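This report looks at how the strands and helices of one protein model are arranged. Please keep the sequence and the structure in view while reading.

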Amino acid sequence: MTTQKKTALVISAHAADFVWRCGGAIALHAELGYDVTVACLSFGERGESARLWKEGKSLQEVKDNRRGEAEAAADALGVHHLECFDLGDYPLELDKDDKFKLVDLIRKVQPSFMMSHSQYDPYNTDHMYMTQVALECRMIAQAWGHNPGEKVLGAPQLYLFEPHQTEQMGWKPDTFLDITPVWDKKRKAMECNQGQVHLWDYYTRVAQQRANHFKRNSGGQAGGRDCQYAEGFQSIFPRTVDEL
């Protein structure tokens, strides 16, 4: 009897989003034996590469730089496969064929769970658009009438990772993940993104803050589990359980 491989899919609007927001989850699940696929819909070349533009680089040079950073970060985290769609950013837009390509990837991966952005982000509309598309493509991948004969998708949870300015986004975490054992991998992946050095310490502080929440919600001073670094997520769909 063969055991089905455990898989996960992260859908990232820009090349570095998966690093800052769920790099710990990627590294941790890779160590647990999951094949984690990351889909980067753009390189963030227009809106998230200010330092490179200030250096006078061309559009192609910026994209090449960001691709290299994403590949290095994915390697540091243990990503099984990095799929770069190269659809442009600011704005990020997908036509029907682009969406079907993402549906194909979802069906190929058959993820146990999926991750993407918060549902609201007035500072970066690419992010909330990406989650709208992720939900739409998840729906299509479940449809028996879409490319009949293919294996349809089950019902993987969609976790929304933490946005940059959390308080403005209506994002409410209901899951905290201890990433302390893989923190060094996440920090290494963050440091692959030389174009966004200003975010390295910011997301270190976020992880430390979420670790405090992990400890409090695991029992606090009455026996909570120690945690130095954590990530928070908001689940979209109900969970099905046999006991609480």
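Two strands are said to pair when DSSP finds at least two bridges between them. In this predicted model, strand 4 and strand 5 (residues 157-161) meet that description, because they pair in the parallel sense over 4 bridges. On its other pairing, strand 4 (residues 113-116) is joined to strand 1 (residues 7-12), again in the parallel sense, over 3 bridges.

The following table lists residues of strand 4 with the residues that stand opposite them or are their bridge partners.

| Residue in strand 4 | Partner |
|---|---|
| F113 | A8 |
| M114 | L9 |
| S116 | L160 in strand 5 |

These pairings belong to an open sheet of 7 strands, whose order is 3-2-1-4-5-7-6 and whose pairing is mixed. Strand 3 (81-84) and strand 6 (175-178) are the edge strands, since each of them pairs on one side only. From one strand to the next, the twist averages 25°.

Are the residues on the faces of strand 4 buried or exposed? F113 and M115 on one side, and M114 and S116 on the other, are all buried, and both faces of the strand are thus covered. In a regular strand the side chains alternate between the two faces of the sheet.

Helix 4 (residues 96-109) lies across strand 1, strand 2 (35-40), strand 3 and strand 4, and it runs at about 160° to strand 1.

Two packed helices are described by the angle between their axes and the distance between the axes. For helix 1 (residues 17-31) and helix 6, the axes come within 9 Å and cross at roughly 135°, and the two helices are therefore oblique to each other. Their crossing is right-handed. On the side of helix 1, the contact is made by V19, W20, R21, G23, G24, A27 and E31, while helix 6 contributes K185, K186, A189 and M190. Sorted by class, this contact of helix 1 with helix 6 has 5 nonpolar, 2 polar and 4 charged residues.

Beyond helix 6 (183-190), in the loop between that helix and helix 7 (200-217), lies H198. Why does H198 count as exposed? Its relative accessibility is 59%, and a residue counts as exposed when this value is over 50%. H198 and R138 are 60 residues apart in sequence, and in space they are 34 Å apart, C-alpha to C-alpha.

Definitions and conventions
Residues are numbered from 1 along each chain as its sequence is written. This is a predicted model: local features need pLDDT of at least 70, side-chain atom pairs count only at pLDDT 80 or more; totals for chains, interfaces and linings use all residues. Side-chain values use heavy atoms; hydrogens and water are left out. Buried means under 20% relative accessible area, exposed over 50%, partly exposed in between (1.4 Å probe, protein chains only). Axes are lines fitted to C-alpha atoms, for helices over the stretch in contact, and angles run from 0 to 180 degrees between N-to-C directions. Contact means heavy atoms within 4.5 Å. Angles under 35 degrees count as roughly parallel, over 145 as roughly antiparallel, 65 to 115 as roughly perpendicular and the rest as oblique. A crossing is left-handed if the near helix is turned anticlockwise from the far one by less than a right angle, and right-handed if clockwise. Ala, Val, Leu, Ile, Met, Phe, Trp, Tyr, Cys and Pro count as nonpolar, Asp, Glu, Lys and Arg as charged, and the others, Gly among them, as polar.
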